[in-house]
Amino acid sequence: QVQLVESGGGLVQSGGSLRLSCAVSGRTFSRYAMGWFRQAPGKEREFVAAINWSGHNTQYADSVRARFTISRDNAKSTLYLQMNSLKPEDTAIYYCAGNRLPHISSSWEFWGQGTQVTVSS
């Protein structure tokens, strides 16, 4: 069974930075496409970023492109989300997700429990 555990969330001022991590159990992390999603209070969960198995292909939501960077370390079975120039509207619970397929798709099989990110103005 694959388990995903996020960390790195917290409270930060507008314009600040945070780096989220997602530790993934299991030996086949390097075969999975991975992604980050977020859910703000009263809103539906939305896509943030995704990365293919090798890290050479990434996708971003328009709202975070050029501010956020998704990356992965397959040797450490860990997914990252570097978030810069944070805005109050980035406040949400951030979830990491995984897919047994190596390439980015619209379906996600595994989900973490989430980590809270709060950006104060």
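This is the transcript of a short presentation on the strands, cores and pocket of one protein structure.

Good morning. The structure under discussion is a predicted model. I shall begin with one sheet, continue with the strand β9, and then turn to the cores, two backbone angles and the largest pocket.

Let us start with some background. Strands of a sheet pair through backbone hydrogen bonds, and the pairing is either parallel or antiparallel.

In which order do the strands of the open sheet of 4 strands stand? The order is β1-β3-β8-β7, and the pairing is antiparallel. The edges are taken by β1, residues 4–7, and by β7. Each of these two has a single partner strand, so one side of each is left without a neighbour in the sheet. On average, and with direction ignored, neighbouring strands here are turned by 15° against each other.

We can now walk across this sheet from one edge to the other. Between β1 and β3 there are 4 bridges, and the two strands run antiparallel. Here V5 stands opposite A23, a residue of β3. The next step leads from β3 to β8, again an antiparallel pair, joined by 6 bridges. If you look for R19, you will find that its bridge partner in β8 is Q82. The last step joins β8 to β7 through 6 bridges, and these strands also run antiparallel. In this pair, D73 has T78 of β8 as its bridge partner.

Is β8 enclosed or open to its surroundings? Of its 6 residues, 5 are buried, so β8 is largely enclosed by the rest of the structure.

The strands β7 and β8 also form a hairpin, with 4 residues between them. This brings us to the backbone angles. Most residues other than glycine have a negative phi. S77, which lies in the loop between β7 and β8, has instead a positive phi near 50°. A second case is A66, where phi is positive at about 80° although the residue is not a glycine. A66 is found in the loop between β6, residues 58–60, and β7.

How do S77 and A66 compare in their exposure? The cut-offs are needed here: buried means under 20% relative accessible area, and exposed means over 50%. S77 has a relative accessibility of 16%, so it counts as buried. A66 reaches 80%, and therefore it counts as exposed.

I now move to β9. This strand is mostly covered, with 7 of its 8 residues buried. Which strands does it pair with? One partner is β4, joined to β9 by 7 bridges in an antiparallel arrangement. Within this pair, F37 has Y95 of β9 as its bridge partner. Another partner is β11, which runs antiparallel to β9 and is joined to it by 3 bridges; here A92 is matched with V117 in β11. There is also β10, residues 110–111, with 2 bridges to β9, again antiparallel. In that case, G98 has F110 as its bridge partner.

One residue of β9 deserves a separate word, namely N99. Its relative accessible area is 1%, so N99 is buried. N99 and G35 are 64 residues apart in sequence, yet their C-alpha atoms are 8.6 Å apart in space.

Next, the nonpolar cores. The largest has 30 residues, and those touching the most other members are W36, L79, L81, M83 and Y94. Among the elements that give two or more residues to this core are β3, β4, β8 and β9. The largest share, 4 residues, comes from β3. A second core, separate from this one, has 5 residues, including A50, A97, I104 and W108.

Finally, let us consider the largest pocket. Its volume is about 200 Å³. How many residues line the largest pocket, and which of them lie nearest its centre? There are 13 lining residues, and R38, A40, K43, E46 and E89 are the ones nearest the centre. By class, 8 of the lining residues are charged, 3 are polar and 2 are nonpolar.

To close, I would ask you to keep two pictures in mind. One is the open sheet with the order β1-β3-β8-β7. The other is β9, mostly covered, with its bridges to β4, β11 and β10. Thank you for your attention.

How values were computed: Residues numbered from 1 in each chain as written. Predicted model: local features only at pLDDT ≥ 70, side-chain atom pairs only at ≥ 80, totals over all residues. Heavy atoms only, no water. 1 Å grid on protein atoms, 1.4 Å probe; cavity = no way out; pocket = protein on both sides within 12 Å on 5 of 7 lines; lining within 4 Å. Points joined across faces, edges and corners; volume = space filled by probe spheres on them. Nonpolar A, V, L, I, M, F, W, Y, C, P; charged D, E, K, R; others polar. Core = buried A, V, L, I, M, F, W, Y, C linked by side-chain atoms within 4.5 Å. Buried < 20%, exposed > 50% of the residue type's maximum accessible area, 1.4 Å probe, protein only. Pairing = 2+ DSSP bridges. Axes fitted to C-alpha atoms, helices over the stretch in contact; angles between N-to-C directions.
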